[in-house]
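Here are a few exercises to work through with the model open beside you. Try each task before you read its solution.

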Amino acid sequence: MTGQRSYKEKPYKSRRAMLDRALSLYGWACSICGGPIADGDESLQHMKPRSKGGTDDEENLRPAHKRCNSSLGDREIDPRLIVYGGERMLIDFANKNR
Ligand SMILES: [Zn+2]
């Protein structure tokens, strides 16, 4: 298998595109603290860290504050937890296509 480059090896443009995608899906709300994210303070959070087998799939990616993202480090967030409109919501991705 070749050609599957990891998140960190992707050029900035792709990382930005992934972040923009997460922002458009989940809004400008931090997936860690739930607070609103100011323009320029957005970062891309892996719900399951790549070091623990997390993927770059959009279901594993959430917007988060840069500060929250770095303080979370390698800890894992329940991937079903998302913040929407400032409130935490539990989304069952397994059932999303029903
Ligand atoms: Zn935050």
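**Exercise 1: the strand pair**

Gln45 and Arg62 of strand 2 stand opposite each other. Before going further, two ground rules. This is a predicted model, in which local features need pLDDT of at least 70 and side-chain atom pairs count only at pLDDT 80 or more, while totals for chains, interfaces and linings use all residues. Residues are numbered from 1 along each chain as its sequence is written.

Task: work out how many bridges join strand 1 to strand 2, and which residue is the bridge partner of Leu44.

Solution. Start with the elements: helices (H or I, at least four residues) and strands (E, at least two) are DSSP runs, numbered from the N terminus. Strands pair if DSSP finds at least two bridges between them. Here, five bridges join strand 1 to strand 2 (residues 61-65), and the two run antiparallel. Leu44 has Pro63 as its bridge partner in strand 2.

**Exercise 2: cover on the strands**

Task: decide how many residues of strand 2 are buried, and which of them point one way and which the other.

Solution. First, the yardstick: a residue is buried if 20 or more other C-beta atoms lie within 10 Å of its own, exposed if 12 or fewer, and partly exposed in between, with C-beta atoms placed from the backbone. Next, count: five of the five residues of strand 2 are buried, so strand 2 is largely enclosed by the rest of the structure. Then sort by direction: Leu61, Pro63 and His65 point one way, Arg62 and Ala64 the other way. Strand 1 is mostly covered too, with four of its five residues buried. For the whole protein, 20% of the 98 residues count as buried.

**Exercise 3: around helix 2**

Task: find which residues Cys68 is in contact with, leaving aside its neighbours within four places in sequence.

Solution. Place the residue: Cys68 sits in helix 2 (residues 66-72). It counts as partly exposed because it has 18 C-beta neighbours inside 10 Å. Now apply the contact rule, C-beta atoms (placed from the backbone) within 7 Å. That gives Cys30, Ile32 and Cys33. Cys68 and Ile32 are 36 residues apart along the chain, yet their C-alpha atoms are separated by 6.5 Å. Ser71 lies in helix 2 as well, and Ser71 counts as exposed because it has 12 C-beta neighbours inside 10 Å. From Ser71 to Ile32 the C-alpha distance is 9.9 Å, across 39 residues of sequence.

**Exercise 4: helix 1 and the loop after it**

Task: say whether Ser31 is buried or exposed, then do likewise for Asp20.

Solution. Ser31 belongs to the loop between helix 1 and strand 1. Ser31 is buried, because 25 other C-beta atoms lie within 10 Å. Its C-alpha is 9.7 Å from that of Leu44, which is 13 residues away in sequence. Asp20 is in helix 1 (residues 12-26), and with 13 other C-beta atoms within 10 Å Asp20 is partly exposed. Asp20 and Pro63 are 8.7 Å apart, C-alpha to C-alpha, although 43 residues apart in sequence.

**Exercise 5: how far to trust it**

Task: find where confidence is lowest and where it is highest among the elements.

Solution. Lay out the order: the elements run α-β-β-α-β-β from the N terminus. Confidence here is pLDDT, the predictor's score for each residue, from 0 to 100. It is lowest in strand 3 (residues 81-84), at a mean of 54, and highest in strand 1 (residues 42-46), at 92. Overall, the protein averages 76, and 66% of the residues score at least 70. Over residues 92-98 pLDDT stays under 50. Where pLDDT is low, the predicted coordinates should not be read in detail.

Note on methods
Contact = placed C-beta atoms within 7 Å.
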